[in-house]
Amino acid sequence: MSDFDYNDNEAPYSDFEFSDQSFDDTEDNNDEIGYSSTDDGSAFDDDDIYGPRADTRKIYETDHKALTKTDLFDICQSLIDDAHSILSLPKDTIATLLQTFNWRRDNLIERYMEDPDKVLSTSGVIDKPTTFQFETAESGYMCYICCEDTPNMELLRLGCNHRACRSCFKYYTEQKINEEGTSKDLRCPNENCTFVIPDSAIKVLVTIDVYNKYKDLSLKSFVRSRNSIKWCPYPDCDSAVECLVRDYELKTTVPSVTCANGHSFCFGCSLEDHQPCLCALVKLWLQKSQDDSETANWIKANTKECSKCHAPIEKNGGCNHMKCKTCRHEFCWICMGDWIKHGQAYYNCSRYDDKDSKESREAISDSRHSLERYLHYFNRYANHEQSARLDKKTYIMVVKKSKVLQESIGMSWIQAQFLSQSFKILHQARKTLKWSYAFAYYLEKSHVTTIFEDNQSDLEFAVEQLSELFEMDASEIADRKVQLLDKCSYVGKRRIKLIEEAAKGLSAEEWKYVVDF
Amino acid sequence: MAARRLIRELAAFSADPNPALALLEPTSSSNLFQWRAVLRGPAAPSPYEGGLWEIIISIPESYPLSPPTMKFKTKIVHPNIHLETGEVCLDVLKSQWSPAWTISSACTAVQAMLSDPEPDSPLNVDAANLLRCGEFSGYNALIHYYIITYGLSEKEAC
């Protein structure tokens, strides 16, 4: 894979098999999602940011905004600036106050207007123009922390009037930031003093690395304080997404979002993008498939059910004359019919078509049906998950092929890009298919689900065909480029169709589920 | 930083001893970062009156920015002290630590904790249960029993 950096950290991608971004380092799919992060990065107005695009977006899309670290800093800064212009306190002080108030600007302003002294004292700030200053020790001064008494050493005096030598403050703040990983509660080290060491003092005290860490920590506390902002869950990705989806809306919509680095994920549960399946169903499904699938497979392969009490029975030897341990019902293992009616025909059941044994077989319980039903969906889900994993190999092959195309056939780099573009579509479609099976498992059968399953099998068929096309060798691919592109656009369209129909049903609350959630 | 401060603290203690302690010194002359202290039980009505316990104090490199760790070497019954390991659960030695505390003043805080237990966050569940059920005579007797059986004598303390 040489210079194509396909997957730079393989191990952490356990939950997310693929970084969507790495398929394609040219253009990202901003055009597809409909919200570009750069067009108004600095604006942060809860009310009209999401308004104008609402009419153009597709039913399965959710309005969101990708935020880079810089955007987040800007948002914090603009909150500080706003509060600063209203409260006319130093920006340092405002920053501390906002941290204490969980970045609720309006809440802070309101409380401050009611009782400024109380707000200041509980937040550990003092209304003074200078919140800290450096000074030189007078003779005879000894730092109370390190007991250093060198004449003329540099001291830091905080707004609370407590002072200590500069190096002690440096160690103290670095220790708090590095060891305890806290950006809040960086208080004056003096006993019982609640004064918070201001940002600007930390900036001059500590090394640039530690200061950056401090800023990161405070950014994290900001994101934690907002329900509408979440970090991208992909490993080592430091961008965030803002999305105004509410908890109750998660029953009617699947909020797929894309971060500034092009990773797509679900805003509701921070798992991979799982259109068209609802977050609650995803959770149920994952739980079920983790708990049950192996056991269920084994039960299905190795047991039969007692036709009277439906207890699963494993035949571990002996003759075909079975006696259920639970209900004492005696039956034939071969035909499942009542044993009494077998008469003397031991070891040699030829009564398969007998009316009575037929009835017994038909009486096989709902539980077995539901097990088979589950396995039907699970096998398909697992199959697509597996294929998505194998896609990784195929992708490496695709990259190689595109290099061959460039070198031997003289196709330009741009032209050869269709391969990785098409591959991205294939991968996306597999992911959708995979989750559509989890979704379908929980649907109550109706004419709408029949349409859904038709769409599903249509997509599945096309996906397999496309997947096959990728296995051709390079020269053949060049020849059949048109066919490949056609198939790709078909797969893309069928995928959209599938999630669009599902989303319509979701928002109209047409789907009926077999579970409560 | 830590070494200088510890030497100062040691000098300050010998100049002005702490009545809560019968002894406070580094365990060996070669290691300044491990001390031992002998704590005196607070005066009556505390059930711990007359007791003497050895405490091992481990001091981190980052002292006094990080708190020292204290462990009772002598067995003692107290809701916030582990009966087997001697571990102490005290806010001053954890989240409420400030560099303004000293080893000696932290020992005073431990002494104060003996009289003022916090049975709602116990390390010794049995002792805490006695207290919560209001079994004061049983609680006091248990403490007394452990002082007699395990506590140091004045002679051992020096």
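Start by selecting strand 4 of chain B, residues 69-72, where the side chains alternate: B:Met70 and B:Phe72 point to one face and are buried, while B:Thr69 and B:Lys71 point to the other and are not. Buried means that 20 or more other C-beta atoms lie within 10 Å of the residue's own, exposed that 12 or fewer do, and partly exposed in between, with C-beta atoms placed from the backbone. Strands (E, at least two residues) and helices (H or I, at least four) are DSSP runs, numbered from the N terminus.

A word on what you have open: this is a predicted model, in which local features need pLDDT of at least 70, side-chain atom pairs count only at pLDDT 80 or more, and totals for chains, interfaces and linings use all residues. Residues are numbered from 1 along each chain as its sequence is written, and chains are lettered from A and ligands numbered from 1 in the order in which they are written.

Now add strand 3 of chain B, residues 52-58, which pairs with strand 4 of chain B in the antiparallel sense over four bridges; pairing takes at least two DSSP bridges. Look for B:Ser58, opposite B:Thr69.

Next, move to chain A, where three strands form an open antiparallel sheet in the order 2-3-4. Strand 2 (132-136) and strand 4 (163-165) stand at the edges, each with a single partner strand, so one side of each is left without a neighbour in the sheet. Select strand 3 of chain A, residues 154-158, and you will find three bridges joining it to strand 4 of chain A. Here A:Arg157 stands opposite A:Arg163.

Finally, show the contact between the chains: twelve residues come from chain B and eleven from chain A, counting residues whose C-beta atoms, placed from the backbone, lie within 7 Å.

Technical notes
Contact = placed C-beta atoms within 7 Å.
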